[in-house]
Amino acid sequence: MKIGLSIAQTGPLAASGRPALVALRMWVEDVNARGGLLGRPAELVAYDDQGSASTTPAIYAKLLELDRVDLLIAPYGTAATAPLMGMVKSRGKLLMGNFSFQVNHVVKHDLWFNNAPWNDAESFSGGFFRMGLALGARSVAFLAADNQFGQALADGARELARQAGQNVLYDQNYPPGTTDFSPMMRAIRGARADMVFVVSYPAESVLIVRAVGEIGVGASVKVFGGGMVGLQYTTIMESLGSALNGILNYNTYVPGMRYEGIDEFLSRYSKRALQAKVDALGFYHPPFVYAIGQVLEQAIRATRSLEDRAIAGYLRANQLNTIVGPIRYRADGEWAQPRVVTTQFQGVRDRNVEQFRTPGIQAIVFPEDLKNARPKAPFEAARTAARS
């Protein structure tokens, strides 16, 4: 039984892609130790897409036509997945999503099932705006990557700001690959907004944090962050250290959250990660990739089939139990009950990766049922006080 995918093993998204591949291979080993599926061993066929949308259509055509895989898992992220949606829909193929955002919003493929704990902009960034409003924010500045993910999330966040009656004082898109954010930080500082909502990919997230450290954003800003991808990666957290303090951002899993089986998975994963020289903690993405395997395994065992529509019917009709909690799917293949958390870096020290295993370093400030800290504000005071 062949399961095919592409995932970034080199390039700017490899910091997430390589750990995810470790997690997926762990599931393959686990399911084969249980005797495989339908009497057949599971085999993973994986190619490096370098995190590039231009490479994925040809890779997935190869997976289907030459490798003749039975099932497909999408590449990591929105940009690499979006070009595939029309093709898999036209071929009637099940596609298990892999941390993309709203790629099925227009295509409406009925054999799409995402593994991400969000389903729209509200689930992704609503906690950020709620925290800002609770702190008295009345205005917002936007800084967003000019790519499909960045604009989809930023457009949703703009609508949240409009609904909340926020005055937009600055709204800037930046081209992917931007290396100098100093002019934008100075403009944000000059705008004097109460909130700064940022949508960025890993490399730019690092540069934005460093620009904030050099220039600041001004005393008016109560909360800063929101949609910054990469600040969940162990290597980036370790390298930025105390520069992260005060940033309020989305997350998927941090210590302090409790799901059955996740501690055992992370213990096993950490040993594999050391051998593979990838993300040592593996909190952000690997558990959700392992959960893709769990979801497929439950559907295949229940239906005794590898037929795409049979599997899809089961996924749509049943609760799936995974190491990231129970999952039920909406009609569009997104989670019916999203579980994104809003966290704030508090008390981060430099050059100390082990600190991130401690609950409260990435303090959960939303939702209420998982909350373990209050947000520290305003932002400039939160980031500088934590360093002193």
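**Exercise 1.** Find the residue in strand E3 that stands opposite Gly4, and place the two strands within their sheet.

*Solution.* Step 1: Gly4 faces Leu72 in E3. The model is predicted, so local features need pLDDT of at least 70 and side-chain atom pairs count only at pLDDT 80 or more, while totals for chains, interfaces and linings use all residues. Residues are numbered from 1 along each chain as its sequence is written, and side-chain values use heavy atoms, with hydrogens and water left out.

Step 2: Strand E1 covers residues 2-7 and E3 covers residues 71-73; they pair in the parallel sense over 2 bridges. Helices (H or I, at least four residues) and strands (E, at least two) are DSSP runs, numbered from the N terminus. Two strands pair if DSSP finds at least two bridges between them.

Step 3: The open sheet has 5 strands in the order E2-E1-E3-E4-E5, with parallel pairing. Strand E2 (43-48) and strand E5 (112-113) are the edge strands, each pairing on one side only.

**Exercise 2.** Follow the chain from E1 to E2 and give the hand of the crossover.

*Solution.* Step 1: E1 and E2 run parallel and are joined by 6 bridges. Within this pair, Ile3 is opposite Leu44 in E2.

Step 2: From E1 the chain passes through helix H1 (residues 14-33) to E2, a right-handed β-α-β crossover. Right-handed means that, with the strands pointing away from the viewer, the path from the first strand over the helix to the second runs clockwise.

Step 3: Strand E6 (residues 139-145) and strand E7 (residues 167-174) are also parallel, with 7 bridges between them. Ala145 stands opposite Tyr174 in E7. Together with helix H6 (residues 148-163), E6 and E7 form a right-handed β-α-β unit.

**Exercise 3.** Is Leu320 buried or exposed, and which residues does Leu320 touch?

*Solution.* Step 1: Leu320 belongs to strand E11 (residues 320-322).

Step 2: Its relative accessible area is 0%, so Leu320 is buried. Buried means under 20% relative accessible area, exposed over 50%, and partly exposed in between (1.4 Å probe, protein chains only).

Step 3: Leaving out residues up to four places away in sequence, Leu320 touches Val295, Gln298, Tyr314, Leu315, Gly325, Pro326, Ile327 and Tyr329. Contact means heavy atoms within 4.5 Å. Val295 and Leu320 are 25 residues apart in sequence but 6.0 Å apart in space, C-alpha to C-alpha.

Step 4: For contrast, take Ala53, in the loop between E2 and helix H2 (56-65). Ala53 has 29% relative accessibility and so counts as partly exposed. Not counting residues up to four places away in sequence, Ala53 touches Ala79, Ala80 and Pro83.

**Exercise 4.** Which members of the largest nonpolar core touch the most other members?

*Solution.* Step 1: A nonpolar core is a set of buried Ala, Val, Leu, Ile, Met, Phe, Trp, Tyr and Cys residues joined through side-chain atoms within 4.5 Å. In soluble globular proteins, nonpolar side chains tend to be buried together.

Step 2: The largest core holds 140 residues, and Met96, Phe129 and Phe224 touch the most other members.

Step 3: The contacts of Phe129, beyond four places in sequence, include Val140, Phe142 and Met195.

**Exercise 5.** Locate the largest pocket and the largest cavity by their lining residues.

*Solution.* Step 1: On a 1 Å grid over the protein atoms alone, a cavity is a set of points where a 1.4 Å probe fits but cannot get out; a pocket is an open set with protein on both sides within 12 Å along at least five of seven lines; lining residues have an atom within 4 Å of a point. Grid points are joined across faces, edges and corners, and a volume is the space filled by probe spheres set on the points.

Step 2: The largest pocket holds about 260 Å³. It is lined by 17 residues, and Pro338, Arg339, Val340, Phe366 and Pro367 are the closest to its centre. Helix H5 (121-134) and strand E13 (341-345) are the elements that give two or more residues to this lining. H5 gives the largest share, 6 residues.

Step 3: The largest cavity has a volume of about 90 Å³. Its lining includes Tyr76, Phe99, Trp118 and Tyr284.

**Exercise 6.** Name the residues joined by a cis peptide bond in the loop between strand E14 (362-366) and helix H13 (379-387), and a residue with positive phi between H7 and E8.

*Solution.* Step 1: Most residues other than glycine have a negative phi, and most peptide bonds are trans.

Step 2: Ala377 and Pro378 are joined by a cis bond with omega about 0 degrees. Pro378 is in the loop between E14 and H13. Phe366 and Pro367 also share a cis bond, with omega about 5 degrees, and Pro367 is in the loop between E14 and H13.

Step 3: Arg192 is not a glycine, yet has a positive phi of about 60 degrees. Its loop runs between helix H7 (182-191) and strand E8 (195-200). Arg192 counts as exposed because its relative accessibility is 63%.
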